[in-house]
Amino acid sequence: MASIFFYMLIMFALIGGNKIVYKGAYDGLMLWFNNVIPLLLPFMLISALIVEKIKKLPDEKQNKYAILITIFTGLFCGYPIGAKNTAEFVGCGSFDTKTGNLLLPLCNNCSPMFLSGYILLNVLNNKVSFFLAVLLIYAPYIFYLLLSILFDKLFEKSFKKTQKNNNRYKVDTSDKKPKSTEEKKDQIILTITQITYVGFYIIICSIISEYIMSTNLPDIIRSFIAGLSEITNGTMLISKSIVYNNRVKNALILSLSSFGGISAILQTKNVIKNSGLSILKYTITKTICALATYGLAYYLI
């Protein structure tokens, strides 16, 4: 119901300001076409092939490799590939929903390429070292993961449950035939559909940011809401703002990079639908870790 209200609100907003809508849509479309597609689409296609290979492994190997590949591709490739692979492996029974919900916030993060090539270079003008930025963003997620393993023994329980439930998820594991050409085409079509959805949410959030920036709200509020909506344009607006001191500005930019913005949450929600993974748990964890990043960055930079 909330999503219906959200889309209706967007429709009314689109009717009200043609110039704002045009600029926001144009900026979002150019961002998607010039930056997201060239960087993200190849990784989405390659990761889809890797996931299919993992699915063909024997069950005892599949569980271990699925978690390693989910973490590696998620951290290396960025939004929303980590969420996509987590949902894929939960769906095929490589690990259970509880493990998926634990891995999702860690694996679905900004990639090191985006962090170094855009946030550190263009937004922060190399004021923060790459090593420190990676530590500030990823450390809260790793700490959260270690605490969950320590207190809940999640991996041990999920592996046992997965062994019991493998037959329910994978009826035909004893007859692993190569995928047909038609099935491979379906994977390509699915990947293209997902990258299109990514573009759609980037454009919507870009329009929202443009609306926010056109209001008479104080600059400190406008730039923050824009960054909360979509981090690529939003963090740049924060970096150019004169109302923040450098310490707050750097901490806020890294914190929003950790959070990913509403655009990344909508992208994640789209790729994990029907998987049983919780977008609410994901959002809460991302918020807590982003606040931790802000605190660490404020005191360490």
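Student: What makes the largest nonpolar core a "core", and which residues have the most contacts inside it?

Tutor: A nonpolar core is a set of buried Ala, Val, Leu, Ile, Met, Phe, Trp, Tyr and Cys residues joined through side-chain atoms within 4.5 Å; buried means under 20% relative accessible area (exposed is over 50%, partly exposed in between; 1.4 Å probe, protein chains only). This one has 50 residues, and F89, F95, I119, L124, L254 and I272 have the most contacts inside it. Its largest share, seven residues, comes from helix 12 (residues 246-259), helices being DSSP runs of H or I, at least four residues, numbered from the N terminus. Bear in mind that the model is predicted: local features need pLDDT of at least 70, side-chain atom pairs pLDDT 80 or more, while totals for chains, interfaces and linings use all residues. Residues count from 1 along each chain as its sequence is written, and side-chain values use heavy atoms, without hydrogens or water.

Student: How do you know how helix 12 runs relative to helix 14?

Tutor: Helix 14 covers residues 279-300, and the two pack at about 155°, axes 8 Å apart. Axes are lines fitted to C-alpha atoms over the stretch in contact, with angles from 0 to 180 degrees between N-to-C directions. Over 145 degrees counts as roughly antiparallel, under 35 as roughly parallel, 65 to 115 as roughly perpendicular and the rest as oblique, so helix 12 is roughly antiparallel to helix 14.

Student: And why are helix 3 and helix 5 called roughly parallel?

Tutor: The axes of helix 3 (residues 59-77) and helix 5 (residues 97-107) come within 9 Å and cross at roughly 25°. Therefore the pair is roughly parallel.
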